[in-house]
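Grab a coffee and work through these exercises. Try each task before you read its solution.

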Amino acid sequence: MITQDVLDKVAKNARLTLTKEEAAQFLPQLDEVLTHFSTLQDVDTEGVEPSFLPVKLSTEMREDLPEECLTQEEALKNAQSKNGYIKGPKSV
Amino acid sequence: MQSDMIIGMEVHIQLNTNTKLFCGCKIENAQPNTRTCPVCLGHPGSRPTLNKRAIEYATKMALALQSTIASQLVFSRKTYFYPDMGKNYQITQYETPLAENGTVVLSDGTKVRIKRLHVEEDPAGMVHEEGLSLVDYNRSGIPLIEVVTEPDMISPEQAREFMKKLQSILAYLDIFASDGIIKADVNVSVKSSGFERVEVKNVTGFKEIERCVEYEVKRQQTDTVVKETRAWNAELGRTRSLRLKESEEDYGYITDPDLVVRPIEPAFVESIQKTLPELPEEKTARFVKEHKLDAIDARIIAAEPDVAALYEESSKQVSPVLAARWVRRELLRSLNTQGKKLKDTPLRAHHVIPLFKLIENKQITDRVGQKLIRELAEEPFDVAERVQKEGLTAVSDTGEIGTAVDETLSENPQALQDFKQGEAKAFEFLMGQIMRKTKGKALPDVVRKLLEEKIK
Amino acid sequence: MKDYIQKMQTGGDIVSAITAFVEESKKINEDNHYFTVITEAQAIEQAKNIQKQALTKKFPLAGLPFTVKDGICVQGVETTASSAILKGYKPVFNATAVQRMIDAGAIFIGKTVQDEFGFGALGITQGKGFQAPKHPDDPELCCGGSSSGGGGFTKKIPGAHASLGESTGGSIEAPAAFCGVVGLCPTYSRVSRYGLLDYGTSLDKIGPLTKTLPEAATILQVIAGHDKKDETSSQEPVPDYAASLGNIKGLRIAKIKEAFAEGVDESIKNSVHEKLTELEKQGATVREVSLPSLKEGIATYFTIALSEASTNLAKYCGMRYGQSGSMNTSFDEYFTKIRTHHMGEEAKRRVLIGTFARMAGYRDAFYNKALKVRTKIIQEYKQAFKACDVLSSPTMPILPPKQTEAHNLTPLQHLMCDVLTVGPNLAGLPHVSVPAGKAGIMFIADHFKEEELFRTHAE
């Protein structure tokens with residue numbers, strides 16, 4: 001169901017590095033799980049609509065009215081920050 | 001016939017709502033991270049709530065582009081990791097965009113097909129510092145629409161006109177703030193490279209988009225072209241390869257379960273349709289047909305809603321052709337020289353209508369009219385008052401003009417002699433001298449007649 | 001709980017009661033590891049405040065001590081979903097459910113430990129640096145997951161108390177069944193998810209863990225109802241739940257045939273049957289119904305839940321809140337380093353599975369397919385409710401295993417523990433696990449019909 005190459009790509013997409021041991025451990029485990037999941041492909045879903053949510057909801061959209069914002073102090077409270085900005089790693 | 005190049009665009013346009021797309025944070029310039037909340041900061045446990053006005057505006061634009069509106073409003077998560085992404089996924093529309101299959105018709109009849117129009121949130125703003133990104137979430141979550149064209153444009157001029165048309169429609173719909181963000185991904189492919197697809201990412205502003213297309217076409221026509229993604233450097237005025245070392249990110253789209261999938265009812269679409277103003281295309285056609293305007297005058301006047309409104313009001317009081325000529329050739333030129341847009345000045349129809357009337361009734365000369373319109377463009381004033389105060393009324397009295405003719409002839413004997421020896425230019429010289437003497441107020445027809453009588 | 005609240009509404013000493021409760025909680029926590037944090041000073045402060053206000057105002061939950069699953073935001077209190085990657089994160093807001101408890105006069109005591117981000121049926125897969133809670137009756141056994149601390153503590157603490165848990169695929173019911181308490185999972189959208197750290201967004205529900213069914217009704221009454229901060233919270237009116245308590249006469253129960261099949265512990269089946277017989281004696285009718293689509297439950301549920309989870313967990317990357325490190329590297333390197341270092345093994349495994357299931361080339365066969373199978377499962381339930389008021393089955397297929405043994409399960413075996421609970425969770429149906437002998441019996445009702453669950457209450 002899943003090969004080492006695909007696992008590498010998945011891990012990269014998920015921003016996770018797997019050690020050799022982890023990869024060796026995960027590959028058969030994930031394969032077993034995904035093989036089970038793949039049984040869904042045998043279910044006849046011809047003409048069946050997907051259910052993104054389990055119940056029907058018809059919430060009105062929000063009116064375009066300003067609400068109170070956090071203070072800068074609150075916005076930065078949990079972050080590394082500098083001069084009012086939130087710090088992040090290099091983007092270029 | 002095969003063209004030399006094909007150009008397509010993905011244009012991102014900021015909608016001028018009061019609040020962000022998924023939260024009630026006000027959109028305005030402010031100190032960094034002072035217009036944020038848990039939602040636009042991507043704090044765990046926060047939830048998006050959809051801004052109704054953003055959807056109304058986007059629907060307006062979709063209808064103005066004659067697109068087909070979807071039957072459901074669906075948002076997806078586009079997952080990728082970047083420091084400006086609050087949640088590391090962007091809420092956007094994927095399988096079901098708000099609208100598809102629209103058109104923009106250019107002046108030469110070219111149809112630019114609009115493939116899709118969708119709504120999405122803008123990421124945060126970033127300042128790059130040595131070894132760091134400094135992120136400001138004030139911008140995070142601002143509503144954008146993305147208009148995606150087919151590669152139907154075949155010259156930089158067409159691309160420019162397309163952008164002008166978009167700008168014009170946005171102005172009519174009043175859904176884009178002048179300080180808002182407009183950015184494009186531009187696709188250019190030229191024949192000499194076998195139409196290899198090159199995409200230039202993230203070109204910001206109408207002007208830059210135009211410059212970028214021109215540069216990229218030239219580059220491709222003279223350089224070796226490979227299929228790639230490039231970036232626009234506005235300072236240098238050139239594009240550079242992004243050399244993506246990895247293949248395109250796999251966004252792993254899923255439908256965003258935080259947002260309800262809503263039906264888009266025909267009644268809603270109709271109610272939006274009703275709010276659409278007459279758009280530049282229809283306006284141009286009407287001006288040509290009903291006002292008998294020149295097609296170019298009509299198009300230029302119709303391009304800006306404020307200009308069109310000023311013209312239309314004027315055309316009810318003076319001849320439309322005269323109003324159009326003065327609006328386009330004199331008013332717009334004056335504004336242009338002064339680097340202004342009509343909508344940014346206090347100048348309104350009630351300022352120019354008295355002027356147009358004076359011109360139409362030959363109560364002032366064209367030359368005085370031109371002077372006054374330049375001054376109006378600088379700062380509006382009461383035209384009738386100014387004409388009276390400065391004594392600018394046209395002079396048609398033959399006695400007064402006759403005196404000026406006589407004086408001029410006696411002051412310029414050489415010119416008179418030249419004329420008599422057959423130099424036609426000398427007549428125009430004398431005309432000019434008389435006009436100057438009367439400070440441009442003498443009606444040129446009367447001057448010409450009197451001068452002819454005297455010297456022929 | 002009822003007597004306690006009544007006492008506190010009528011001049012009872014809330015401060016003393018809370019002081020004693022906190023002391024008892026701390027003592028229990030020493031050996032059992034139910035809490036990630038106990039907010040003693042804050043609790044006593046709040047008790048004083050309510051005590052004062054109670055003189056003029058009748059609080060529906062006056063002075064009731066309550067605990068909250070770690071993955072539900074409490075303003076200013078470290079909220080990590082028991083994951084190391086969120087170490088230090090203190091939300092700037094209260095979850096709506098928490099706010100409603102506070103507004104009702106309840107006193108917040110602390111956050112209870114869970115499986116990391118809700119990833120676990122047994123209560124043994126907390127994040128790095130967190131300890132597994134011990135079963136209230138036998139320290140070697142599992143509490144059930146993922147609202148494990150809430151389940152264990154609810155059983156262990158004497159006296160009035162309620163815990164807010166959260167279920168994605170069984171995380172309220174499993175600890176309830178294992179620990180011998182009541183776990184109520186409301187209809188999807190019945191309780192606002194605002195302030196809940198997401199696992200599977202289209203599946204997550206906040207609900208109470210309590211000692212009795214009437215207590216669960218009391219708590220649901222307070223936390224249910226529309227919230228404009230969560231557009232997936234329902235606008236259906238909230239009925240008076242207490243009114244239907246014990247209204248057993250004429251209750252049509254249908255037991256799910258597939259839930260009594262092979263693989264389910266015999267003693268559990270017996271306990272459940274005994275309970276059903278008892279209800280029959282009190283006026284309910286019991287028949288059997290077959291729900292064949294349930295065999296697709298595990299695959300459907302986990303495909304959707306993990307696809308959603310893998311996007312929900314993308315935000316945890318060492319910026320804005322929680323863990324961080326030296327940022328002087330490229331963003332990809334930095335995010336990868338932080339995530340790799342601070343996410344636990346089960347979390348990584350589940351994120352990988354979810355990322356796979358929504359990847360281009362696999363999305364149609366997995367994520368998109370599962371959404372359609374889900375529709376079929378919902379339809380099957382809806383059909384069943386035409387002929388019954390509640391469905392019934394055992395909650396868990398097994399009795400609480402020893403923690404040492406549980407660690408030997410393969411990942412698929414671990415997922416399979418949710419086999420009986422994923423159905424109603426996938427379909428967003430309200431359901432409750434109540435003690436039956438040493439096991440838990442589960443009742444499931446139609447959407448927004450929580451009152452049918454309360455009818456099963458036998459005095």
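Two strands count as paired if DSSP finds at least two bridges between them. Helices (H or I, at least four residues) and strands (E, at least two) are DSSP runs, numbered from the N terminus. This is a predicted model: local features need pLDDT of at least 70, side-chain atom pairs count only at pLDDT 80 or more, and totals for chains, interfaces and linings use all residues. Residues are numbered from 1 along each chain as its sequence is written, while chains are lettered from A and ligands numbered from 1 in the order in which they are written.

**Exercise 1.** Work out which strands stand at the edges of the β5-β4-β15 sheet in chain B.

Step 1: look at β4 (residues 76–79) of chain B, which pairs with β15(B) in the antiparallel sense over two bridges. One contact to look up: B:Ser76 has B:Thr255 of β15(B) as its bridge partner.

Step 2: write down the order, β5-β4-β15, an open sheet of three strands with antiparallel pairing. So β5 (89–92) and β15 (254–255) of chain B are the edges: each has a single partner strand, leaving one side without a neighbour in the sheet.

**Exercise 2.** Decide whether chain A is spread out or a compact globule.

Step 1: list its elements, three helices and two strands, running α-α-α-β-β from the N terminus.

Step 2: compare sizes. The radius of gyration (over C-alpha atoms) is 23 Å, well over the 12 Å from the globule rule for 92 residues, so chain A is more spread out than a compact globule. That rule is 2.2 Å times the number of residues to the power 0.38.
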